[in-house]
Amino acid sequence: VSRLREVTVVETVLDILEENGTVYTVYKASESVTLRRYVEESGGRLTWNETSRLFSPAITALSLINSLGVSHLAISPESLRVTYDDNLVITGFHINAIHRAGGLLDLDLPSGCAAIEQYSAKAICGEGSDVYALSACMLFSLTGSLPDEAPRRLRDQRLMISKDILKTVPPFAVTAMANALQIKQAVRTGSFEMFRTE
């Protein structure tokens, strides 16, 4: 992530240092708020045009990042931040060995954003997991609510979106988010390039 200084939607790493057996990362300070707070301060939800403008650069950046073999695995309304000039910034990257079941630390997955495979120590997590999480955040931007947690959605995959909101979102966008939020990896949109196309 520290090599991605040219990717403007990724939080800039200034330095990495090790002291007292701990590795510290120094980030460039930026004036921003969490996506959650931004949506709340915008009346509880954003329009499709606002959401599309905000998320499009993130889709491009996450496609590049995943092509380099790096997955985020903790995308949420808290790890996505919005600057005061209304640009999305991706923060809070995690490594596969930590941010999933059976990892080195206790499981602490972002509620409603973690894909089902992150709840298993044996499943493979990666780009499809990030696609799921980013789509959940887009849904949150449009509706003010996240999907239920993935284990709960195994019993009922429906995404509860009011008809009033559905009328304001283009059908292709609804389909793209529904495909990206499929519980089973085999049928879920598996890459950001495919997600962007949809």
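Mentor: A residue is buried under 20% relative accessible area, exposed over 50%, and partly exposed in between (1.4 Å probe, protein chains only). The model here is predicted: local features need pLDDT of at least 70, side-chain atom pairs count only at pLDDT 80 or more, and totals for chains, interfaces and linings use all residues. Residues are numbered from 1 along each chain as its sequence is written, and side-chain values use heavy atoms, without hydrogens and water.

Trainee: Why is arginine 37 called partly exposed?

Mentor: Arginine 37 has 45% relative accessibility, and that value lies between 20% and 50%, so the middle class applies.

Trainee: And what makes glutamate 41 exposed?

Mentor: Its relative accessible area is 55%, which is over 50%.

Trainee: How do you know that arginine 37 and glutamate 41 form a salt bridge?

Mentor: The term asks for a side-chain nitrogen of Lys or Arg within 4 Å of a carboxyl oxygen of Asp or Glu. From N to O this pair has 2.7 Å, so the condition is met. Both residues lie in helix 1, 4 residues apart, about one turn of the helix.

Trainee: What makes helix 1 a helix?

Mentor: A helix is a DSSP run of H or I with at least four residues, a strand is a run of E with at least two, and numbers start at the N terminus. Helix 1 covers residues 35–41, so the run is long enough.

Trainee: Where does the salt bridge of glutamate 78 lead?

Mentor: Glutamate 78 pairs with arginine 36, with the closest N and O atoms 2.4 Å apart. This pair links distant parts of the chain: glutamate 78 sits in the loop between helix 2 and strand 4, and arginine 36 in helix 1, 42 residues apart. Glutamate 78 is partly exposed at 39%, and arginine 36 is partly exposed at 27%.

Trainee: How many salt bridges does the structure hold?

Mentor: The structure holds 5. Another one of them joins glutamate 193 and arginine 196 at 2.5 Å, N to O, both in helix 7 (residues 192–197).

Trainee: How do you know that strand 4 and strand 5 pair?

Mentor: Pairing needs at least two DSSP bridges between the strands. Strand 4 (residues 80–83) and strand 5 have 3 bridges, in the antiparallel sense, so they pair. In the open sheet the order is 3-4-5, and strand 3 (32–34) and strand 5 (88–90) are the edges, since each pairs on one side only.
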